[in-house]
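User: Please walk me through one part of this model closely, starting from the whole chain and then settling on a single stretch and what lies around it. I would like the cut-offs spelled out as you go.

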Amino acid sequence: MDIEQAIDIIYTGLVSEKSVLVRLASFRILDIGMLDQVREALDFATKYYKGKPFVPKKIAMAMVDIEGAFIFNSGFDEEMLGKIKDIGTELQEKVMELFSE
């Protein structure tokens, strides 16, 4: 994977019409494969941008309120609601690492 691929995966997985969030909201399906790709791309981007003074806007846009985007109040059973919330928290932690100095 190179950094451009990582950026595209992050954006597609979290912002686009094909994103994990759109699928959750529209179809009530958690795309684990896409989510795993986003996790891997975030880890790659974190290593790539560690110590650099900037992160591309495309990544930043995908990360805006990422934890809040994974909070659903209905449409899923309690166990799934908890899993989805945990995913949001995990991604938020990855974002904090990505944007930290």
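Analyst: **From the whole chain to helix H2**

The protein chain exposes about 6100 Å², and carbon and sulfur atoms supply 53% of that area. Accessible areas here come from the Shrake-Rupley method with a 1.4 Å probe, and for residues only the protein chains shown count as cover. Please keep in mind that this is a predicted model: local features need pLDDT of at least 70, side-chain atom pairs count only at pLDDT 80 or more, and totals for chains, interfaces and linings use all residues. Residues are numbered from 1 along each chain as its sequence is written, and side-chain values use heavy atoms, with hydrogens and water left out.

The secondary structure comes to six helices and zero strands, where helices (H or I, at least four residues) and strands (E, at least two) are DSSP runs numbered from the N terminus. Along its principal axes the C-alpha trace spans about 40 × 25 × 20 Å. A compact globule of 101 residues would have a radius of gyration near 13 Å, and the chain agrees with its 13 Å; that radius is taken over C-alpha atoms, and the globule rule is 2.2 Å times the number of residues to the power 0.38. Of the 101 residues, 38% are buried, meaning under 20% relative accessible area, with exposed over 50% and partly exposed in between (1.4 Å probe, protein chains only). Of the contacts with a separation of 6 or more, 69% come from residues 24 or more positions apart, a contact being heavy atoms within 4.5 Å.

Now to the stretch itself. Helix H2 covers residues 20-27, and its buried residues are Val-20, Leu-21 and Leu-24. Seen down the axis of H2, these fall within an arc of 100°, so they line one face of the helix; the arc is that of the directions from the helix axis to the C-beta atoms. Their packing partners are helix H1 (3-14), helix H3 (32-49), helix H5 (66-69) and helix H6 (78-99).

Both ends of H2 deserve a look. Ser-19 sits in the loop between H1 and H2 and is buried, at a relative accessible area of 1%. Leaving aside neighbours within four places in sequence, Ser-19 contacts Thr-12, Gly-13 and Leu-14. Just after H2, Arg-28 takes a positive phi of about 60°.

Leu-14 leads us on to helix H4 (residues 57-63), which holds Ala-62. The C-alpha atoms of Ala-62 and Leu-14 are 5.7 Å apart, although 48 residues separate them along the chain. Ala-62 is buried at 4% relative accessible area, and its contacts, again without neighbours within four places, are Ile-10, Tyr-11, Leu-14 and Val-15.

Met-63 also belongs to H4 and counts as buried at 4% relative accessibility. Not counting residues up to four places away, Met-63 touches Ile-10, Leu-14, Leu-42, Val-95 and Phe-99. Back towards H2, the C-alpha atoms of Met-63 and Leu-21 are separated by 12 Å, with their positions 42 residues apart along the chain.

One last stop is Asp-65, in the loop between H4 and H5. Asp-65 has a positive phi of about 50° although it is not a glycine, and at 55% relative accessibility it counts as exposed.
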